[in-house]
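Got the viewer open and a hand on the mouse? Let's walk through this one stop by stop, selecting a few residues at a time.

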Amino acid sequence: MLPLLLIPMLLVLAILTVAVKRVPDGEAWTVYRLGRHARTLLPGRHFVWPGLERVKRHVSLIGHHVEVPVHALGAADGCADLYYQILDPVQAGNALESADETILREAGDAIDVVAAQMPRQSTWTVAAADALKQEINRRVSGIGLRVIRCALHTA
C-alpha cells in the first residue's frame with residue numbers, strides 16, 4: 001500500500017519542482033502560453049504551468065544602455081548615450097523583450113523634435129541632452145520605461 005501512495009506523491013513533487021519558479025531581485029521574466037505573451041513575472045516565487053507555459057526571457061530591470069546616432073543635432077558623427085531603467089515590467093508587457101528597440105525608435109523621433117526646438121549654436125550642450133531625455137521620457141512613460149541619463153558626444 002505504501003508504494004502505491006509514494007508514486008503519486010513523487011509525481012506531484014516532480015511537477016511542483018518544475019512548475020515553481022523563483023525570479024531574482026532586479027529581474028523580470030516573460031511567460032508565454034501557447035506561443036503568445038501571457039504575463040510578466042516580478043521578483044519572487046511563481047507557478048508556471050508545465051507544458052502549457054514557458055519562461056521565454058529573463059530581463060534585467062536596471063543597467064540598460066543604448067547608443068543612438070545623432071545626425072540632426074549638428075554633427076554627422078555624433079551619438080547620444082542613453083541609460084534607462086524598466087520601471088514597470090508589467091506595464092511594459094510584451095514590449096519588455098524589445099525595450100532597446102523601443103528606446104531607439106522613440107529616441108530617433110525625439111531627436112528630430114529637440115533639434116527643431118534648439119538653436120543651432122547650442123546643439124551639443126547639457127541643455128540639449130536634458131531636452132532629449134525629457135522628450136524620450138514623455139514618449140515612453142506610458143510603457144513603464146524611463147531614461148535616467150543622456151549624454152551627447154561626438155564620435
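Start by selecting residues 78-86, which make up strand β7: this strand is mostly covered, with 7 of its 9 residues buried. Keep in mind as you look around that this is a predicted model.

**Either side of β7**

Leave β7 coloured and add residues 64-69. That's strand β6, which runs antiparallel to β7 and is joined to it by 6 bridges. For a spot to zoom in on, pick valine 68 and look across to β7, where alanine 80 stands opposite.

Now add residues 145-154, strand β8. This strand and β7 also pair in the antiparallel sense, over 9 bridges. Which residue of β8 is the bridge partner of leucine 82? Click across and you'll land on cysteine 150.

**Zoom out for a moment**

Show the whole chain as a cartoon. You should be able to pick out 4 helices and 8 strands. Trace them from the N terminus and the order reads α-β-β-β-β-β-β-β-α-α-α-β. The chain has 155 residues, and 36% of them count as buried.

If you like contact maps, here's a number for this one: among contacts with a separation of 6 or more, 60% are between residues 24 or more positions apart. Switch to a surface view and you're looking at about 9,100 Å² of exposed area, 59% of it supplied by carbon and sulfur atoms.

**Threonine 30**

Back to sticks. Select threonine 30, in strand β2, which covers residues 27-33. Is this threonine buried or exposed? Its relative accessible area is 0%, so threonine 30 counts as buried.

Now show what surrounds it. Leaving aside residues up to four places away in sequence, threonine 30 touches His37, Arg39, Arg54, Val55, Lys56, Arg57, Leu96 and Glu97. Glutamate 97 deserves a closer look: its side chain makes a polar contact with the threonine 30 side chain, at 2.6 Å.

**Salt bridges**

One of those neighbours of threonine 30, Arg39, takes us to the next stop. Side chains of opposite charge can pair when their charged atoms come close. In this model the count comes to 7 salt bridges.

Select arginine 39 together with glutamate 53: their side chains meet in a salt bridge, 2.8 Å from N to O. Arginine 39 sits in strand β3 (residues 36-41) and glutamate 53 in β5, so this pair ties together parts that are 14 residues apart in sequence. Check the accessibility of each end. Glutamate 53 is buried, at 6%, while arginine 39 is partly exposed, at 27%.

Next, select Arg105, Glu106, Glu135, Arg138 and Arg139, which are linked in a network of salt bridges. Take it pair by pair:

- Glutamate 106 and arginine 105 form a salt bridge, with their closest N and O atoms 3.9 Å apart. Glutamate 106 counts as buried at 16% relative accessibility, and arginine 105 is partly exposed at 48%.
- Glutamate 135 and arginine 138 meet side chain to side chain, 2.6 Å from N to O. Both lie in helix α4 (residues 126-140), 3 residues apart, or about one turn of the helix. Glutamate 135 is buried, with a relative accessible area of 11%, whereas arginine 138 is exposed at 54%.

**Arginine 36**

Return to strand β3 and select arginine 36. Buried or exposed, would you say? At 65% relative accessibility, arginine 36 counts as exposed. Now draw a distance from its C-alpha to that of asparagine 94: these two residues are 58 apart along the chain, and their C-alpha atoms are separated by 9.1 Å.

**Last stop: a nonpolar patch**

Turn the surface back on and colour Val12, Leu16, Val20, Leu34, Phe47, Trp49 and Leu52. Together they make a nonpolar surface patch of about 650 Å². Finish on leucine 52, one of the residues in that patch. You'll find leucine 52 in the loop between β4 (44-47) and β5 (53-60). Its relative accessible area is 36%, so leucine 52 counts as partly exposed.

Methods. Residues are numbered from 1 along each chain as its sequence is written. This is a predicted model: local features need pLDDT of at least 70, side-chain atom pairs count only at pLDDT 80 or more; totals for chains, interfaces and linings use all residues. Side-chain values use heavy atoms; hydrogens and water are left out. Helices (H or I, at least four residues) and strands (E, at least two) are DSSP runs, numbered from the N terminus. Buried means under 20% relative accessible area, exposed over 50%, partly exposed in between (1.4 Å probe, protein chains only). A polar contact is a pair of N or O atoms within 3.5 Å; within protein, one must be able to donate a hydrogen and the other to accept it, and residues adjacent in sequence count only if both atoms are side-chain atoms. Contact means heavy atoms within 4.5 Å. Patches are made of residues with over 30% relative accessible area and no salt bridge: like charges are joined within 9 Å, nonpolar side chains (Val, Leu, Ile, Met, Phe, Trp, Tyr) within 5 Å. Accessible areas come from the Shrake-Rupley method with a 1.4 Å probe; for residues, only the protein chains shown count as cover. A salt bridge is a side-chain nitrogen of Lys or Arg within 4 Å of a carboxyl oxygen of Asp or Glu. Two strands pair if DSSP finds at least two bridges between them.
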